[in-house]
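Please open the structure in a viewer and keep the sequence at hand. The tour below proposes one selection after another and states what is found at each stop.

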Amino acid sequence: MNAVGPVFGAILFMAIMSAVPEPARQRFNAIFAAGAVGAYIGGSFGAWELLFPALATPIVYLGLKSYRFIGIAWFMHAAWDLVHHLWGTPIWPFVRTSSFGCMIFDSVIAIWFLAGAPSLFGLKPKASTNQARPESGRYRTPKKTALP
């Protein structure tokens, strides 16, 4: 179950994310990966815990424009999970194998992101309209007016 549970969790995550319209899906997942970057800060490697966020933050930022960078960020996090599983404190101190499970979960979703985060349902995600309220005037294309 230490390996099978995280795989099922990753499949559930991908199914839920498949229902999120674009571009919100990509933006949310870039922000979600950014949160994961800081998961181990204050962990068992002291000041070295700050090295991973310093390396991963630019990758996650690029994830705002590319699913591939989100996938790379999740693989980076999976590698950090492995380091913590083998030599450090697990992500959940009360579950000895939690970093191992996190590594599997992260690796499965990283593969999905590297593939472009396709819908698990075979549906092409709808683009969100992202239109503001009419009175705000935002997100409107300016009308061209002819000069007299």
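## The whole chain

Of the contacts in the protein with a separation of 6 or more, 70% are between residues 24 or more positions apart. The model shown is a predicted one. Begin with a cartoon view of the full chain: the protein has five helices and zero strands. Followed along the sequence, the pattern reads α-α-α-α-α.

Next, display the surface. The protein exposes about 9,600 Å², and carbon and sulfur atoms supply 69% of that area. Among the 148 residues of the protein, 33% are buried.

## The nonpolar core

Select Phe13, Ile70, Trp74, Ile109, Trp112 and Phe113. The largest nonpolar core has 24 residues, and these six touch the most other members. The elements that contribute two or more residues to this core are H1, helix H2 (24–37), helix H3 (51–62), helix H4 (67–87) and helix H5 (98–114).

Keep Trp112 selected and show its surroundings. Is Trp112 buried or exposed? Trp112 has a relative accessible area of 5%, and it counts as buried because the limit for that class is under 20%. Leaving aside residues up to four places away in sequence, Trp112 touches Phe13, Met14, Met17, Ser18, Arg25, Ala117, Pro118 and Leu120.

## Aromatic pairs

Now show the side chains of the aromatic residues. The structure holds seven aromatic pairs. One of them joins Phe32 and Trp74 in a tilted arrangement, with 5.8 Å centre to centre and 45° between the planes. This pair links distant parts of the chain, since Phe32 belongs to helix H2 and Trp74 to helix H4, 42 residues apart. Phe32 is partly exposed at 36% relative accessibility, whereas Trp74 is buried with a relative accessible area of 4%.

Another pair to select is that of Trp112 and Phe113, also described as tilted: the centres are 5.0 Å apart and the planes are at 55°. Phe113 has a relative accessible area of 0% and is therefore buried.

Which residues do ring pairs link into a cluster? Select Phe13, Phe28, Phe32, Trp74 and Phe105 together to see this cluster.

## Glu22, Pro23 and Arg25

Move to the loop between H1 and H2, where Pro23 is placed. Display the backbone here: the peptide bond from Glu22 to Pro23 is cis, with omega near 0°.

Add the side chains of Glu22 and Arg25. How many salt bridges does the structure hold? The structure holds one, and it is formed by Arg25 with Glu22, whose closest N and O atoms are 3.7 Å apart. Both Arg25 and Glu22 are buried. Arg25 has already appeared on this tour, as one of the residues that Trp112 touches.

## After the last helix

Select Ala117, which is placed in the segment after H5. What is notable in the backbone of Ala117 is a phi near 55°, a positive value in a residue other than glycine. Is Ala117 buried or exposed? At 2% relative accessibility, Ala117 is buried. Ala117 is also among the residues touched by Trp112.

## Val83 in helix H4

Go next to Val83, a residue of helix H4. Val83 has a relative accessible area of 24%, so it counts as partly exposed. Apart from residues up to four places away in sequence, Val83 touches Phe45 and Gly88. For a distance to display in the viewer, choose the C-alpha atoms of Val83 and Met103: they are 9.7 Å apart in space, while the two residues are 20 residues apart in sequence.

## A nonpolar patch on the surface

For the last stop, return to the surface view and select Met1, Val4, Val7, Phe8, Ile11, Leu120 and Phe121. These residues form a nonpolar patch on the surface, and together they have about 710 Å² of accessible area. Leu120, a member of this patch, is also touched by the buried residue Trp112.

Finally, select Met1 alone. Where does Met1 lie? Met1 is in the segment before helix H1 (4–18). With a relative accessible area of 75%, Met1 is exposed, because the limit for that class is over 50%.

Methods:
Residues numbered from 1 in each chain as written. Predicted model: local features only at pLDDT ≥ 70, side-chain atom pairs only at ≥ 80, totals over all residues. Heavy atoms only, no water. Patch = residues over 30% accessible without salt bridge, like charges linked within 9 Å, V, L, I, M, F, W, Y side chains within 5 Å. Areas by Shrake-Rupley, 256 points an atom, 1.4 Å probe, with all protein chains shown as cover. Salt bridge = Lys/Arg side-chain N within 4 Å of Asp/Glu carboxyl O. Helix = DSSP H or I, 4+ residues; strand = E, 2+ residues; numbered from the N terminus. Buried < 20%, exposed > 50% of the residue type's maximum accessible area, 1.4 Å probe, protein only. Core = buried A, V, L, I, M, F, W, Y, C linked by side-chain atoms within 4.5 Å. Contact = heavy atoms within 4.5 Å. Phe/Tyr/Trp six-rings, centres within 6.5 Å; stacked < 30°, edge-to-face > 60°.
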